[in-house]
Amino acid sequence: MKTALITGVNGQDGAYLAELLLEKGYMVHGIKRRSSLINTDRIDHLYQDPHSKDVKFKLHYGDMTDSTNLIRIIQETQPDEIYNLAAMSHVKVSFDTPEYTANADGIGTLRILEAIRILGLEKKTRIYQASTSELYGLVQAVPQSETTPFYPRSPYAVAKLYAYWITVNYREAYKMFACNGILFNHESPLRGETFVTRKITRAVAAIALGLQEKMFLGNLDARRDWGHAKDYVKAMWLILQQEKPEDYVIATGITTPVRDFVKMAFAEVGAEVEFKGEGVDEKGYIKSISNPEFKFVVGQEVVSVDPAYFRPTEVELLIGDPTKSKTKLGWEPEYDLAALCKEMVASDVEIFKKDNTTQWEHLVG
Ligand code: NDP
Ligand code: GDR
């Protein structure tokens, strides 16, 4: 039986990955930082009573900013594979907390790599680093592949650039099996509420049920290559099962503007949206309704632009080239954007039918 350690186990990807590795028969250890309220909703279905025999899923308190804690957990768990998913992962928020982001996302990765060296686990433990399409930032060339130059555009992306290169450096310097997965945006019903797809699907559900009048968004022109997190955690696992440690782009190869995702999400609840105006004056209106179950009104203004959501420096266009992962890993996504959007809207409609609180909708993100 293999042992895996997942940092950020209660995040979107951590939850899907823990489920996948448990299905594969792994002993799974997860690192979770202390919070004032228990925030394990995404992994509650995987919970195993630590008092029972044969526990296969165990949580440990830890933090990416605490080296001694990470060394102790790695020493205790002796993992065959570490998936380093923990990070302050919100690009806009990284402009507000740049130093913390550098510490957790950049130096945090170094702490894991150094822990492996200190404990003499270079030959035993394989490491997956959660790298990101945000590294490409200001467009140099499209589609973006493993050889496209980086030009990060946020404190988050700059921190992740350090993490990317320190992973490559430790692989070369100490012959460690350390790999970067350069993952493009991936979403799911478990996506954090302040990332744009989930913000949209939640707002569509709340508006459809008459709990909210409209949503405020930032840059509607930004284009992203969106996939499903469930498909992307399979790629993480495949990357660590190869003979040689290498870096891989994981993407769908299709890019879509934020504005079109808004239209797709409204279409799921039978509302056609049209956009009128330009720049900060652009708005989305209900043009027609085909499902009387929901509370839309033709002509209702359902989307406004709020510049508070603009980023000081933006990443306008991401479109990945997954050729290497498809040919070398044999990776193939099961979901397309339409199926992803459908699942997210349906999930949020169900959530709001049970619990109709939307009070923090406009706070951040
Ligand atoms: P989430 O934001 O959903 O999860 C991040 C996890 O990291 C949470 O469990 C969070 O804990 C934890 N965390 C944050 N800071 C610390 C810290 N200092 N110490 C310990 N744990 C911490 O992100 P995703 O699951 O979406 O992404 C996983 C990783 O992949 C991240 O590194 C992200 O940057 C990267 N990535 C994500 C992509 C995406 O589209 N989803 C694309 C490319 C890369 P808490 O719940 O307490 O906040
Ligand atoms: P991103 O994801 O920054 O790509 O980072 P996000 O969903 O936050 O933004 C995508 C694009 O949508 C635009 N946008 C808005 N974004 C948010 N959050 N809120 C809004 O109201 C809004 N309006 C428009 C953004 O400007 C942007 O262009 C995600 C994270 O998961 C990172 O951790 C990961 O590394 C990258 O994806 C790949």
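**Exercise 1. Determine how far apart the centres of domain 1 and domain 2 are, and describe their contact.**

Step 1. Taken over C-alpha atoms, the centres of domain 1 and domain 2 are separated by 31 Å. The model is a predicted one, in which local features need pLDDT of at least 70 and side-chain atom pairs count only at pLDDT 80 or more, while totals for chains, interfaces and linings use all residues. Residues are numbered from 1 along each chain as its sequence is written, and chains are lettered from A and ligands numbered from 1 in the order in which they are written.

Step 2. Domain 1 comprises 3-187 + 226-254, and domain 2 comprises 196-224 + 257-313 + 336-354; such bounds come from an automatic or database domain assignment.

Step 3. Domain 1 gives 10 residues to the contact and domain 2 gives 9 residues, two residues being in contact if their C-beta atoms, placed from the backbone, lie within 7 Å.

Step 4. On the side of domain 1 that touches domain 2 there are 4 nonpolar, 3 polar and 3 charged residues. Here Ala, Val, Leu, Ile, Met, Phe, Trp, Tyr, Cys and Pro count as nonpolar, Asp, Glu, Lys and Arg as charged, and the others, Gly among them, as polar.

**Exercise 2. Establish the strand order of the sheet of 7 strands and the helices that pack on it.**

Step 1. The sheet is open, its order is S3-S2-S1-S4-S5-S6-S11, and its pairing is parallel. Helices (H or I, at least four residues) and strands (E, at least two) are DSSP runs, numbered from the N terminus, and two strands pair if DSSP finds at least two bridges between them.

Step 2. Strand S3 (57-61) and strand S11 (248-250) are at the edges with a single partner strand each, so one side of each has no neighbour in the sheet.

Step 3. On average, neighbouring strands of this sheet are turned by 20° against each other, direction ignored. Axes are lines fitted to C-alpha atoms, for helices over the stretch in contact, and angles run from 0 to 180 degrees between N-to-C directions.

Step 4. Within the sheet, strand S4 (residues 81-84) pairs with S5 in the parallel sense over 4 bridges. Tyrosine 83 stands opposite tyrosine 128 in S5.

Step 5. H1 packs on the sheet and touches strand S1 (3-7), strand S2 (27-32), S3 and S4, its direction making about 165° with that of S2. Helix H7 (residues 229-240) also packs on the sheet, touching S4, S5, strand S6 (178-183) and S11, and its direction makes about 155° with that of S6.

**Exercise 3. Describe the sheet of 4 strands in the same manner.**

Step 1. This open sheet has the order S8-S15-S14-S13, with mixed pairing.

Step 2. Strand S8 (215-217) and strand S13 (271-276) are the edge strands, and each pairs on one side only. From one strand to the next, the twist averages 25°.

Step 3. S13 pairs with strand S14 (residues 283-289) in the antiparallel sense over 6 bridges. Phenylalanine 275 has glycine 284 in S14 as its bridge partner.

Step 4. Helix H8 (residues 258-267) packs on the sheet, touching S8, S13, S14 and strand S15 (301-305). The direction of H8 makes about 155° with that of S13.

**Exercise 4. Characterise the shells around ligand 1 and ligand 2.**

Step 1. Ligand 1 is surrounded by 25 residues, of which Gly8, Gly11, Ala86, Ala87 and Ala130 are the closest; a residue is near a molecule or strand if its C-beta atom, placed from the backbone, lies within 6 Å of it.

Step 2. Helix H1 (12-23) and strand S5 (126-132) each supply at least two residues of this shell, and H1 gives the most, with 3 residues. By class, the shell around ligand 1 holds 8 nonpolar, 14 polar and 3 charged residues.

Step 3. Around ligand 2 there are 23 residues, the closest being Val91, Thr132, Val196, Gly218 and Ala222. Helix H3 (91-94) and helix H6 (196-208) are the elements that give two or more residues to this shell.

Step 4. The shell around ligand 2 has 9 nonpolar, 8 polar and 6 charged residues. Domain 1 and domain 2 both give residues to the shell, so ligand 2 lies between them.

**Exercise 5. Locate two backbone features in loops.**

Step 1. Valine 142 and proline 143 are joined by a cis peptide bond, with omega about -5°. Proline 143 is in the loop between S5 and helix H5 (155-174).

Step 2. Glutamine 78, a residue other than glycine, has a positive phi near 45°. Its loop runs between helix H2 (67-77) and S4.
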